[in-house]
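The following exercises ask the reader to work through one protein chain in steps. Each task is followed by its solution.

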Amino acid sequence: MAQESSHAVPSVHAAGPHRVVVIVDENSNPFELGCATEIFGLRRPEIGRDLYDFRLCSPEPTTPMRDGFFTLTGVAELEAADSADTLIVPNRPDIEVPRRPAVLDAVRRAHARGARLVGFCSGAFTLAEAGVLDGRRATAHWQWAGSFRARFPEVRLESDVLFVDDGDILTAAGSAAALDLGLHIVRRDHGAEIANAVSRRLVFAAHRDGGQRQFVERPVPHLPDESLAPVLAWAQERLDSVLTVSELAARAAVSPATLHRRFQAQLGTTPLAWLTGERVALACRLIERGESRFDVVARSSGLGTAANLRALMRRETGLNPLAYRRRFGPRAG
């Protein structure tokens, strides 16, 4: 969920490709590096263009990854971070070990010149140690919340969400939330249609709101007949219709209370919040495809009125429909 912020955000529509640079340092986590590479680094023949110019860099010629799983070589020197429009900072499990001064300096320089900064999982510690998070909103993995607050009391830590978008600084919680935040960035940069194409290639949910909980406190046992997939698919085909929780529950052959529990357990949200998110995503796709009549977009997506469309799109994307059309419509760019 994009959040309004007074902080400047670099544009992907400026001259030249938007460059994403990942700093990899000693003991970095391979999973988050893989997430960044999958989302920002792959060629996109199905889209017809590359979305980003992607680079890896490191302060040393050889970089041992987490627990010595493998050693990374052949990437750019740390100076490559100085050309980043978006800089993804190192994350690693040894949160009490100070970050390398050269890396922290690179983060500070990027922030000073207006680059967008991204921290996955323990990457929030790198950002906080660089001093760029003071007074700002951020998240980190829930198991490190106490340690983070003790070390960085000036940061407004939100320890029970998937990710936080604070304009030019974005942070994700646990490992899988890196995918959620990465897709959120693609959606913010290129619109819902492109983000959906990337998510399909990842075979990953296109949109999990950043405000969802990091973990399920009371996990339910997985049973094949408890899958939400059939009722979700049924609802997605009827977003322009009036849908109630009772109807969704009846379709799933469970009570409304049971449906609520399954949504919280499997999606980390409520049925109505999920429906709203899907309808806003559909509205965005309609605008991207050229529908300029916002009353038609509102009805076709199930949001009802143009006023409701404006309010919900601004809440979910940070843009009103007109601004969204200017940025992502057929004649954008």
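**Exercise 1. Describe the overall make-up of the protein chain.**

Solution. Begin with the secondary structure: the protein chain has 13 helices and eleven strands. The model examined here is a predicted one. Next, consider burial: of the 333 residues, 51% count as buried. Finally, turn to the contacts between residues with a separation of 6 or more: 64% of them join residues 24 or more positions apart.

**Exercise 2. Determine the order of the strands in the open sheet and identify its edges.**

Solution. Step one is the order. Seven strands make up the open sheet, arranged as E5-E2-E1-E6-E7-E11-E10, and their pairing is mixed. Step two is the edges. Strand E5 (76–77) and strand E10 (163–165) each have a single partner strand, so one side of each is left without a neighbour in the sheet. As background, strands of a sheet pair through backbone hydrogen bonds, in either a parallel or an antiparallel sense.

**Exercise 3. Compare the two pairings of strand E11.**

Solution. First take the partner E10. Strand E11 (residues 169–172) runs antiparallel to E10, and three bridges join them. Within this pairing, Val164 stands opposite Thr171, and Asp165 stands opposite Leu170. The connection is a hairpin with three residues between E10 and E11, and Gly167 in the turn has a positive phi of about 85°.

Then take the partner E7. Strand E7 (residues 116–120) pairs with E11 in the parallel sense over four bridges. Here Gly119 is the residue opposite Thr171.

Last, look at the two faces of E11. Ile169 and Thr171 point one way, Leu170 and Ala172 point the other way, and all are buried.

**Exercise 4. Establish whether Ile88 is buried or exposed, and find which residues it touches.**

Solution. Locate the residue first: Ile88 is found in strand E6 (residues 86–88). Its relative accessible area is 2%, and the limit for a buried residue is under 20%, so Ile88 is buried. Now list its contacts, leaving out residues up to four places away in sequence: Ile88 touches Val20, Val21, Val22, Ile23, Ala36, Phe40, Val118 and Phe120. For one of these residues, Val20, a C-alpha separation from Ile88 of 7.4 Å is found, although the two are 68 residues apart along the chain.

**Exercise 5. Describe the nonpolar cores.**

Solution. Start with the general tendency: in soluble globular proteins, nonpolar side chains tend to be buried together. The largest nonpolar core here has 34 residues, of which Ile23, Leu87, Val107, Leu117, Leu127, Leu133 and Phe148 touch the most other members. Elements that each supply at least two residues of this core include E1, helix H2 (101–112), helix H3 (123–129) and helix H4 (145–151). The largest share, five residues, comes from H2. A second, separate core has 31 residues, among them Phe40, Ile88, Ala178 and Val186.

To see one member of the largest core in detail, take Val107. Apart from its neighbours within four places in sequence, Val107 is in contact with Leu87, Val89, Leu117, Thr126, Leu127, Ala130 and Val132.

**Exercise 6. Characterise the enclosed space in the structure.**

Solution. A search of the whole structure finds one cavity of 30 Å³ or more. The space in the largest cavity is about 90 Å³. Its lining consists of 14 residues, and Val22, Ile23, Leu33, Val89 and Asn91 lie nearest its centre. Strand E1 (19–23) and helix H1 (30–41) are the elements that give two or more residues to this lining; H1 gives the largest share, three residues. By class, the lining of the largest cavity has ten nonpolar, three polar and one charged residues.

**Exercise 7. Contrast two residues, other than glycine, that have a positive phi.**

Solution. Asn27 lies in the loop between E1 and H1, and its phi is near 70°. With 17% relative accessibility, Asn27 counts as buried. Ala253 lies in the loop between helix H8 (245–252) and helix H9 (256–266), and its phi is about 60°. With 69% relative accessibility, Ala253 counts as exposed.

**Exercise 8. Find the buried residues of helix H6 and what covers them.**

Solution. In H6 (residues 192–202), the buried residues include Ala192, Ile194, Ala195, Asn196, Ala197, Val198 and Ser199. Their cover includes helix H5 (177–190), helix H10 (271–288) and helix H13 (321–328).

Technical notes. Residues are numbered from 1 along each chain as its sequence is written. This is a predicted model: local features need pLDDT of at least 70, side-chain atom pairs count only at pLDDT 80 or more; totals for chains, interfaces and linings use all residues. Side-chain values use heavy atoms; hydrogens and water are left out. Two strands pair if DSSP finds at least two bridges between them. On a 1 Å grid over the protein atoms alone, a cavity is a set of points where a 1.4 Å probe fits but cannot get out, and a pocket is an open set with protein on both sides within 12 Å along at least five of seven lines; lining residues have an atom within 4 Å of a point. Grid points are joined across faces, edges and corners, and a volume is the space filled by probe spheres set on the points. Ala, Val, Leu, Ile, Met, Phe, Trp, Tyr, Cys and Pro count as nonpolar, Asp, Glu, Lys and Arg as charged, and the others, Gly among them, as polar. Buried means under 20% relative accessible area, exposed over 50%, partly exposed in between (1.4 Å probe, protein chains only). Contact means heavy atoms within 4.5 Å. A nonpolar core is a set of buried Ala, Val, Leu, Ile, Met, Phe, Trp, Tyr and Cys residues joined through side-chain atoms within 4.5 Å.
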